[in-house]
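Trainee: I would like a close look at a single part of this protein. Please set the overall picture around it too.

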Amino acid sequence: MISNHLSEYEPRQNTVLVCVSTEEANSYVQNLENLEMAHKISALVVSCRDCKETIGDLSIICIVRHILEMVRNRTKISWFRLISRIRYWQLDQDFAKLINTIEQSETIEDLYTALASGHQIVNSQINRLVAKEKQEYVLFVVNSFEFIEQQKQPVLAGVLHRLVKGSPAYFRIVSLGEPLLFRKDSLGEVGIQLNNDYIEIRK
């Protein structure tokens with residue numbers, strides 16, 4: 001059943017949802033997907049479980065690739081819309097190349113480089129998605145965040161922040177238990193900070 005409290009699911013901010021049980025996390029994500037199916041919100045849901053066979057930087061690369069592939073699938077143009085296909089042909093080609101570059105990345109530095117060079121391409125595709133689905137923004141929902149190695153969690157959080165920056169998109173991390181979203185060491189700061197980069201919701 002779709003929740004009547006739509007506002008609970010659509011704070012227009014980057015959000016981290018901390019759940020105390022798998023059931024609560026799954027129920028929340030299911031409600032988001034129900035709202036998506038009812039065209040009340042635009043949300044792309046990926047699960048870190050799908051990348052649990054990868055480790056380290058590769059798990060982060062896997063999540064980002066899944067997100068961008070979902071954006072590509074949702075912005076596909078029907079074959080009979082010839083004018084639109086011509087209009088967006090170059091952008092679609094550039095976006096496909098970016099996804100391929102990310103797929104071939106082996107380190108987080110490779111991913112950073114790809115996202116930096118492709119930032120405008122990603123931004124343009126997100127704007128297309130929002131316009132196509134007649135929404136004001138899109139949610140990138142990253143479920144089962146606890147399946148990411150703890151020391152890599154702030155790295156993924158930081159990448160998600162980069163991914164949505166400057167676009168009509170927000171990320172929503174759903175985690176069973178307290179995630180590690182920020183760390184500071186001799187090499188500098190990594191991740192996102194509460195209230196500056198995201199708000200927290202506890203279930």
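Mentor: Start with charge. The protein carries 23 positive and 25 negative charges, and their mean positions lie 8 Å apart. Keep in mind that this is a predicted model.

Now the surface and the interior. About 10,900 Å² of the protein is exposed. Carbon and sulfur atoms supply 50% of that area. Of the 203 residues, 45% count as buried.

Next, the fold. There are seven helices and seven strands. From the N terminus, the order is β-α-β-α-α-α-α-α-β-α-β-β-β-β. The radius of gyration is 17 Å, close to the 17 Å that the globule rule gives for 203 residues, so the protein is as compact as a globular protein of that length. Along its principal axes, the C-alpha trace spans about 50 × 45 × 30 Å. Take the contacts between residues at least 6 apart in sequence: 77% of them join residues at least 24 apart.

Now the close look. I pick Gln153. This residue lies in helix 7, which covers residues 153-164. Is Gln153 buried or exposed? Its relative accessible area is 5%. The cut-off for buried is under 20%, so Gln153 counts as buried.

What does the side chain of Gln153 reach? One partner is the backbone oxygen of Ile148, at 3.0 Å. Another is the backbone nitrogen of Leu180, which lies 2.7 Å from a polar atom of the Gln153 side chain. Both distances fit the 3.5 Å limit for a polar contact between N or O atoms. The wider surroundings include these two partners again. Leaving out residues up to four places away in sequence, Gln153 touches Phe145, Glu146, Ile148, Pro179 and Leu180.

Two of those neighbours lead outward. Follow Ile148 to begin with. Ile148 is also touched by Ser59, a residue of helix 2. Cys51 and Thr54 are on the contact list of Ser59 as well, with residues up to four places away not counted. Ser59 has a relative accessibility of 3% and counts as buried. Its side chain has a polar atom 2.6 Å from the backbone oxygen of Gly56.

Stay in helix 2, residues 57-74, and go to Ile60. At 0% relative accessibility, Ile60 counts as buried. Which residues does Ile60 contact, leaving aside neighbours within four places in sequence? They are Ile108, Leu111, Lys152, Val155, Leu156 and Val159. Val155, Leu156 and Val159 fall within the 153-164 range of helix 7. That brings us back to the helix of Gln153.

Now follow Pro179, the other lead. Pro179 is in contact with Gln153, and Val18 touches Pro179 too. Val18 lies in strand 1, residues 15-19. It is buried, with a relative accessible area of 4%. Not counting residues up to four places away, Val18 also touches Ser175, Gly177, Glu178, Glu200, Ile201, Arg202 and Lys203.

Two distances place Val18 in the model. The C-alpha atoms of Val18 and Ile60 are 20 Å apart, with their positions 42 residues apart along the chain. From Val18 to Asn127 the C-alpha separation is 29 Å, at 109 residues apart along the chain.

To recap the part you asked about: Gln153 is buried. Its side chain has polar partners in the backbone oxygen of Ile148 and the backbone nitrogen of Leu180.

Terms used
Residues are numbered from 1 along each chain as its sequence is written. This is a predicted model: local features need pLDDT of at least 70, side-chain atom pairs count only at pLDDT 80 or more; totals for chains, interfaces and linings use all residues. Side-chain values use heavy atoms; hydrogens and water are left out. Helices (H or I, at least four residues) and strands (E, at least two) are DSSP runs, numbered from the N terminus. The radius of gyration is taken over C-alpha atoms; the globule rule is 2.2 Å times the number of residues to the power 0.38. Buried means under 20% relative accessible area, exposed over 50%, partly exposed in between (1.4 Å probe, protein chains only). Contact means heavy atoms within 4.5 Å. Accessible areas come from the Shrake-Rupley method with a 1.4 Å probe; for residues, only the protein chains shown count as cover. Lys and Arg count as positive and Asp and Glu as negative; His and the chain ends are not counted. The place of a charge is taken as NZ of Lys, CZ of Arg, CG of Asp or CD of Glu. A polar contact is a pair of N or O atoms within 3.5 Å; within protein, one must be able to donate a hydrogen and the other to accept it, and residues adjacent in sequence count only if both atoms are side-chain atoms.
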